[in-house]
Amino acid sequence: MAVDRDPAKLAMAARHAEAKGLTIEWRELDLEGTWPELEAFDAVLVFNYLDRASMPRILRMVAPGGVLMMETFLEAQREAGWGPTSDKHLLRPGELARLVAPLTIIHGREALETVDADRWRAVASVIAMKR
């Protein structure tokens with residue numbers, strides 16, 4: 001299952017998945033609202049999204065032996081002049097590792113990286129497993 005609030009992004013992803021012969025259930029859902037009951041998944045991917053209050057629910061969605069892949073912006077992103085600016089949507093240094101506990105971190109990083117010739121981004125990423 002794949003979830004996003006943007007129907008255009010879901011349609012684009014569905015076209016790519018269909019071209020590769022993948023069968024995926026697509027759900028338009030705004031996670032800022034009420035969440036439906038969702039089962040546990042072997043892989044949960046969370047990108048450019050941060051809602052600290054939802055982290056316990058996200059962690060419960062990872063099945064035993066499953067992985068969580070998560071990446072979102074750090075506070076340093078403000079200095080880049082684009083992207084989120086609210087503390088509500090920016091991670092503090094070292095925070096992502098604490099948010100995914102008690103999962104076992106397989107790989108984590110905090111990085112400043114180029115996006116293109118004129119822009120950079122500050123992100124934290126983690127791959128963590130539920131044992």
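How many residues lie between β5 and β6 in the hairpin that they form? There are 5 residues between the two strands of this hairpin. The model described here is a predicted one.

**Sheet**

The hairpin strands belong to an open sheet of 4 strands with mixed pairing, arranged in the order β3-β4-β6-β5. Because β3 and β5 (104-114) stand at the edges and have a single partner strand each, one side of each is left without a neighbour in the sheet. From one strand to the next, the twist averages 10°.

Two of the pairings can be set out side by side.

| Strand pair | Sense | Bridges | Residues standing opposite |
|---|---|---|---|
| β3 and β4 | parallel | 6 bridges | Phe-47 and Glu-71 |
| β5 and β6 | antiparallel | 10 bridges | His-107 and Ile-127 |

In the β3 and β4 pair, Glu-71 is the β4 residue that Phe-47 faces. In the hairpin, the residue opposite His-107 is Ile-127, which belongs to β6; the strand β6 itself covers residues 120-129.

**Pockets**

The largest pocket has a volume of about 1,000 Å³. Its lining counts 29 residues, of which Val-3, Leu-31, Leu-45, Phe-47 and Tyr-49 are the closest to the centre. Phe-47 is thus named twice, here beside the pocket centre and above as the partner of Glu-71. Three strands, β1 (2-4), β3 (41-47) and β4 (62-73), each supply at least two residues of this lining. The largest share is that of β3, with 7 residues. By class, the lining of the largest pocket consists of 19 nonpolar, 3 polar and 7 charged residues.

The second largest pocket has a volume of about 180 Å³. Its lining is made of Ala-2, Val-3, Asp-4, Lys-9, Leu-10, Met-12, Ala-13, Ile-24 and Trp-26. Both β1 and α1 (7-19) give at least two residues to this lining, and α1 provides the largest share, 4 residues. The class count for the second largest pocket is 7 nonpolar and 2 charged residues, with no polar ones. Val-3 appears in the lining of the second largest pocket and is also among the residues closest to the centre of the largest pocket.

**Helix α1**

Helix α1 has 13 residues. From its first C-alpha to its last, α1 reaches 18 Å, close to the 18 Å expected at 1.5 Å a residue. At the start of the helix, a side-chain oxygen of Asp-6 comes to within 2.8 Å of the backbone nitrogen of Ala-8. After α1 comes Gly-21, which has a positive phi near 75°.

**Backbone exceptions**

Most residues other than glycine have a negative phi, and most peptide bonds are trans. Which residue has a positive phi although it is not a glycine? Asn-48 does, with a phi of about 55°. Asn-48 is located in the loop between β3 and α2 (55-60).

The peptide bond that joins Ala-101 and Pro-102 is cis, with omega at about 15°. Pro-102 is part of the loop that runs between α3 (95-99) and β5. The edge strand β5 is therefore the element on one side of the loop that holds Pro-102, and β5 is also one of the two strands of the hairpin.

Terms used. Residues are numbered from 1 along each chain as its sequence is written. This is a predicted model: local features need pLDDT of at least 70, side-chain atom pairs count only at pLDDT 80 or more; totals for chains, interfaces and linings use all residues. Side-chain values use heavy atoms; hydrogens and water are left out. On a 1 Å grid over the protein atoms alone, a cavity is a set of points where a 1.4 Å probe fits but cannot get out, and a pocket is an open set with protein on both sides within 12 Å along at least five of seven lines; lining residues have an atom within 4 Å of a point. Grid points are joined across faces, edges and corners, and a volume is the space filled by probe spheres set on the points. Ala, Val, Leu, Ile, Met, Phe, Trp, Tyr, Cys and Pro count as nonpolar, Asp, Glu, Lys and Arg as charged, and the others, Gly among them, as polar. Two strands pair if DSSP finds at least two bridges between them. Axes are lines fitted to C-alpha atoms, for helices over the stretch in contact, and angles run from 0 to 180 degrees between N-to-C directions. The expected span of a helix is 1.5 Å times one less than its number of residues. A polar contact is a pair of N or O atoms within 3.5 Å; within protein, one must be able to donate a hydrogen and the other to accept it, and residues adjacent in sequence count only if both atoms are side-chain atoms.
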